[in-house]
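The following exercises are to be worked through with the model at hand, each solution proceeding step by step.

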Amino acid sequence: MLQLTHLHKSFHESNGSTRQVFDDADFRLLPHEKSLAVVGRSGAGKSTLLRILSGLDQQFEGLYSFKGAPLAQNESEMAAFRRDHVGIVTQRYELLPHRSLLNNVMLGAVSPRTTREDAEHYLDLVGLSDSKRKKVRELSGGEAQRVAIARALVKNPDFVFADEPTGALDEATEDAVLGIFQRLQGEGVRFVIATHSNKVKSVCERVVRVHNYKLVDDPIGKQHHHNQ
Amino acid sequence: MFSTIHSLAQTLLKVAATALFIITTYTVISFTGDISTGLDQGFSQERQVDMYHLTDTLVDPEEFWNFRQSQEQMETIASFYQELTSSETFTFLSIFNQPLFAHDFMGGETFDASFGTESGGQGEYIDDISGRKTRAVKSIQLNQQAFQFYGLTLSSGSVPQWNSITPQSIEIPVVLGHDYQEIYSVGDIIDVEYYFRETTLRVSGFLEEGSSIYLQGTFNTYLDDQIVIPYPQSLSLSDSSAFEHEGILFFAMIGGNIVAPQGTSEEMILSSLSETATASHFHDYTLLNVPTYLIEFTLMRNLVRDNLATLIALGVVITITLGASLSFLSRALLTQRSHRYRILWTSGASLHGLVKKNTLYLVGEYAACAGVVLMARLVLLPNIQNITALTVASLMLSTIFITEAFSHRVIIHRKLVKPT
Ligand SMILES: Nc1ncnc2c1ncn2[C@@H]1O[C@H](COP(=O)(O)OP(=O)(O)OP(=O)(O)O)[C@@H](O)[C@H]1O
Ligand SMILES: [Mg+2]
């Protein structure tokens with residue numbers, strides 16, 4: 001399980017003031033949980049939380065542990081954690097527009113274990129196997145998002161941290177992406193998704209809300225889940 | 001990972017621009033060095049001259065040999081030389097570079113006539129006739145006019161008494177290049193075979209370091225490793241037993257350069273020469289045009305001198321422009337690579353690994369650049385071997401590389417870690 005306790009996080013803004021984001025917050029992803037939604041109003045700290053969880057931001061206070069062992073707050077250990085366990089889907093897709101889909105997906109494979117066949121497999125999984133030689137700039141937003149998902153999956157991670165993965169998609173495309181997520185959950189991949197979408201919330205097992213610098217379980221989310 | 005075609009083109013452009021930058025610097029420094037050496041010496045003082053090359057036309061060995069056997073004919077050369085050196089239209093610089101065969105020579109192989117050439121030479125050997133250790137060493141023979149024209153000055157000792165030297169002298173006072181200073185002292189003697197005659201050379205003085213003259217198309221022929229033998233002031237014949245030495249000496253002495261004040265037409269020089277020929281009854285000469293390199297050099301030198309401020313300004317502008325476009329290209333390339341690096345970092349590559357990868361790219365670029373510069377130097381500027389310029393160029397290249405590697409390191413750390 002993934003656990004981050006006593007999290008304190010603030011930003012020093014350019015005007016000299018300090019912007020508090022978390023104050024003694026606790027985050028847990030329990031062993032049996034396959035999907036978790038993180039919600040909260042804009043600017044509450046959802047993206048910040050995901051960046052901390054994936055080690056992209058190490059400027060925080062708190063105890064971070066994976067499977068009971070502490071994760072050191074240093075660059076190389078967090079990079080290794082990402083490399084071995086975490087796939088990341090960002091709010092902006094961050095693709096290389098002039099490269100082919102296949103090339104872009106391969107960029108997610110930092111460890112040499114990953115092969116071109118893996119990349120082709122995940123492009124197939126997100127339904128883009130026909131256009132794998134296309135350039136990214138020739139894609140629609142939904143297709144680009146699916147490439148970014150394939151890139152996050154290509155290393156066969158334990159976790160996918162996705163920041164508003166369906167934010168720019170229409171409902172049908174959102175359904176398709178969520179379908180992919182659910183299929184992967186069946187294969188053992190676990191998702192933490194920052195989102196504003198009720199639909200995404202509704203398919204996650206648990207919903208936590210960033211509120212008053214803390215992380216609290218969202219009763220609405222639970223209710224919704226139990227109602228299903 | 002591969003670069004896109006887009007960034008491949010940019011990489012090549014960057015390599016080419018950097019190479020151009022370094023080559024320009026190298027060339028400018030080389031020429032500046034040449035110019036300042038030239039300006040230090042009399043050759044390029046305010047005196048503006050045109051230069052021609054005078055040579056005899058007795059190319060057929062038999063004809064040449066017959067000529068040397070005839071006392072009458074030899075007299076014509078003696079008088080031709082006399083007329084040449086007393087012309088009011090021009091100055092005659094008699095210069096030749098026949099090696100000497102020095103016996104029991106104290107210097108090492110760097111003074112060998114073949115040193116630095118591809119032929120190798122035979123080094124030190126035992127001479128059949130004298131039975132002494134012998135080495136062919138570099139030497140320049142010149143007349144007083146040439147010595148003065150090139151503004152040669154001594155760092156120690158004294159200039160030989162020109163009027164004490166005759167074609168019959170078997171002891172000749174000589175001036176040695178700067179490199180000889182640790183080997184011989186003023187007053188020492190060196191036994192040599194000089195134009196087929198055993199001669200004793202007595203060291204009279206040492207030239208300033210870096211002294212140079214124009215010789216056979218090379219503007220800066222350095223004299224540091226040369227024995228400089230003064231020619232006699234006038235030519236007179238002894239009996240026919242000495243014809244072997246004197247024949248060579250006489251013919252050597254009428255070869256050289258004619259310098260005339262700028263504006264003297266070639267016709268004027270030719271007509272003056274033909275008067276000389278008529279007076280001396282020697283007609284087997286020809287006048288060759290100024291070596292083009294020299295004209296170009298003189299032109300450039302004048303241009304540089306007259307427009308120094310403009311040229312410096314131009315140089316600064318070119319440097320700034322090239323520097324700016326280089327840093328722009330480099331930034332554009334880094335931005336492109338940074339995008340890729342960010343994705344790799346997000347996927348789990350460490351910053352350390354990415355900086356290393358980027359440094360390797362830079363090593364590749366600058367190695368390619370150094371290769372281009374070296375090739376260009378070999379192909380385009382084979383005559384220029386300026387160690388200072390080469391050192392400055394390599395230092396510049398290394399500095400650019402190191403600066404770029406470190407600034408890229410900082411930029412990668414900042415850019416990637418900063419949240420989007
Ligand atoms: N690099 C930074 N420097 C200063 N302040 C920052 C920085 N990054 C984020 N913040 C601030 O931290 C707070 C949380 O930002 P964050 O991006 O986590 O919000 P969010 O919940 O993801 O919002 P949204 O729903 O709009 O994506 C915001 O007030 C934001 O202005
Ligand atoms: Mg956000």
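**Exercise 1.** Between which chains does ligand 1 lie? Describe its surroundings.

*Solution.* This is a predicted model, in which local features need pLDDT of at least 70 and side-chain atom pairs count only at pLDDT 80 or more, while totals for chains, interfaces and linings use all residues. Residues are numbered from 1 along each chain as its sequence is written, chains are lettered from A and ligands numbered from 1 in the order in which they are written, and side-chain values use heavy atoms, with hydrogens and water left out.

Step 1: ligand 1 lies between chains A and B.

Step 2: an oxygen atom of ligand 1 is 2.6 Å from an N or O atom in the side chain of Ser42(A), and another distance, 2.8 Å, separates a backbone N or O atom of Gly43(A) from an oxygen atom of the ligand.

Step 3: taken alone, ligand 1 exposes 630 Å², of which the protein buries 70% (Shrake-Rupley method, 1.4 Å probe).

**Exercise 2.** Characterise the interface of chain B and chain A, starting from its contacts.

*Solution.* Step 1: 21 residues of chain B are in contact (heavy atoms within 4.5 Å) with 19 residues of chain A.

Step 2: the area buried between the two chains, summed over both, is about 1800 Å², with 61% given by carbon and sulfur atoms.

Step 3: one salt bridge is counted between the chains (a side-chain nitrogen of Lys or Arg within 4 Å of a carboxyl oxygen of Asp or Glu), and Arg342(B) and Glu94(A) meet in a salt bridge at 3.8 Å, N to O.

Technical notes: Buried area = accessible area lost by both parts, 1.4 Å probe. Near = heavy atom within 4 Å. Polar contact = N/O pair within 3.5 Å; in protein donor to acceptor, adjacent residues only side chain to side chain.
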